[in-house]
Amino acid sequence: MGLKNTLFLALLAAMVAKEVFAAQHVVGGSQGWDQSTDFKSWTSGQTFKVGDKLVFKYSSLHSVVEVGNESAYKSCDISSPIQSLSTGNDVVKLEKPGTRYFTCGTLGHCSQGMKLKITILKGNANAPSPASSPSSSSSSSSSPSFSPAITTHASSASQCFASFLFILALSLTVMLSLF
């Protein structure tokens with residue numbers, strides 16, 4: 001009976017650890033999915049890995065449209081979307097390595113720079129992903145610019161906490177297996 005419990009707890013700990021180690025990237029940081037956000041700068045401070053999640057937070061003036069290729073991304077062609085989201089708090093799980101493209105579905109927003117290109121790496125990679133977004137957008141907004149360091153430090157803190165929880169779960173598994 002002890003071996004079954006140990007195996008069950010080890011499997012449970014592994015499943016929890018996989019989910020805990022995944023990062024959640026709030027697209028655009030504190031500014032969110034908005035026209036005033038510099039997505040190229042935001043993306044350059046991020047590392048996207050398989051299992052991570054993108055969180056799009058935005059007002060009812062916007063939406064999220066995932067397009068299937070770079071051509072549609074560059075030309076802001078949303079006529080054949082992979083998916084369209086409009087809740088204002090959408091979560092997109094990054095399930096496999098590769099490149100994904102997102103734009104705002106509101107007329108004119110994509111061409112003004114409200115689009116995002118990310119490269120998803122295998123789960124253990126550490127290099128930041130390349131960003132692609134127009135560098136000359138008509139941004140005359142007086143909103144404060146987002147500092148990528150905020151998300152990086154928050155991500156590091158959550159990964160540290162996740163490591164702690166994982167070690168605690170493994171310790172409990174070992175202790176329970178002794179009884």
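I'll start at the surface: Leu168, Leu172 and Met175 form a nonpolar patch there, with about 270 Å² of accessible area together. Keep in mind that this is a predicted model. Methionine 175 sits in helix 4, residues 148-177. Is methionine 175 buried, exposed or partly exposed? Its relative accessibility is 45%, and because buried means under 20% and exposed over 50%, methionine 175 counts as partly exposed.

Next, the sheet. It is open and has five strands, in the order 2-8-7-4-5, with mixed pairing. The edges are taken by strand 2, residues 48-49, and strand 5, residues 83-85. Each of these has a single partner strand, so one side of each is left without a neighbour in the sheet.

Strand 4 is where I'd like to spend some time. It covers residues 64-67 and runs antiparallel to strand 5, to which three bridges join it. One pair to look at here is valine 65, whose bridge partner in strand 5 is serine 84. Strand 4 also pairs with strand 7, residues 98-103, again in the antiparallel sense and over three bridges. In that pairing, valine 67 has tyrosine 101 of strand 7 as its bridge partner.

What about the faces of strand 4? Both are covered: Val64 and Glu66 are buried on one side, and Val65 and Val67 are buried on the other.

That brings me to the cores. As background, nonpolar side chains in soluble globular proteins tend to be buried together. In this model the largest nonpolar core has 18 residues, and those with the most contacts inside it are Val27, Trp33, Leu54, Phe56, Phe102, Leu116 and Ile118. At least two residues of this core come from each of helix 2 (39-44), strand 3 (53-57) and strand 8 (115-121). Which of the elements gives the largest share? Strand 8 does, with three residues.

Phenylalanine 56 is worth selecting on screen. Leaving aside its neighbours within four places in sequence, phenylalanine 56 is in contact with Val27, Trp33, Val64, Gly88, Asn89, Asp90, Val92, Phe102 and Leu116. Apart from the largest core lies another one, of five residues, among them Val65, Val67, Tyr73 and Tyr101.

To put strand 4 together: Val64 is in contact with phenylalanine 56, whereas Val65 and Val67, on the other side of the strand, belong to the five-residue core. That's what I have.

Conventions
Residues numbered from 1 in each chain as written. Predicted model: local features only at pLDDT ≥ 70, side-chain atom pairs only at ≥ 80, totals over all residues. Heavy atoms only, no water. Pairing = 2+ DSSP bridges. Helix = DSSP H or I, 4+ residues; strand = E, 2+ residues; numbered from the N terminus. Core = buried A, V, L, I, M, F, W, Y, C linked by side-chain atoms within 4.5 Å. Buried < 20%, exposed > 50% of the residue type's maximum accessible area, 1.4 Å probe, protein only. Contact = heavy atoms within 4.5 Å. Patch = residues over 30% accessible without salt bridge, like charges linked within 9 Å, V, L, I, M, F, W, Y side chains within 5 Å. Areas by Shrake-Rupley, 256 points an atom, 1.4 Å probe, with all protein chains shown as cover. Salt bridge = Lys/Arg side-chain N within 4 Å of Asp/Glu carboxyl O.
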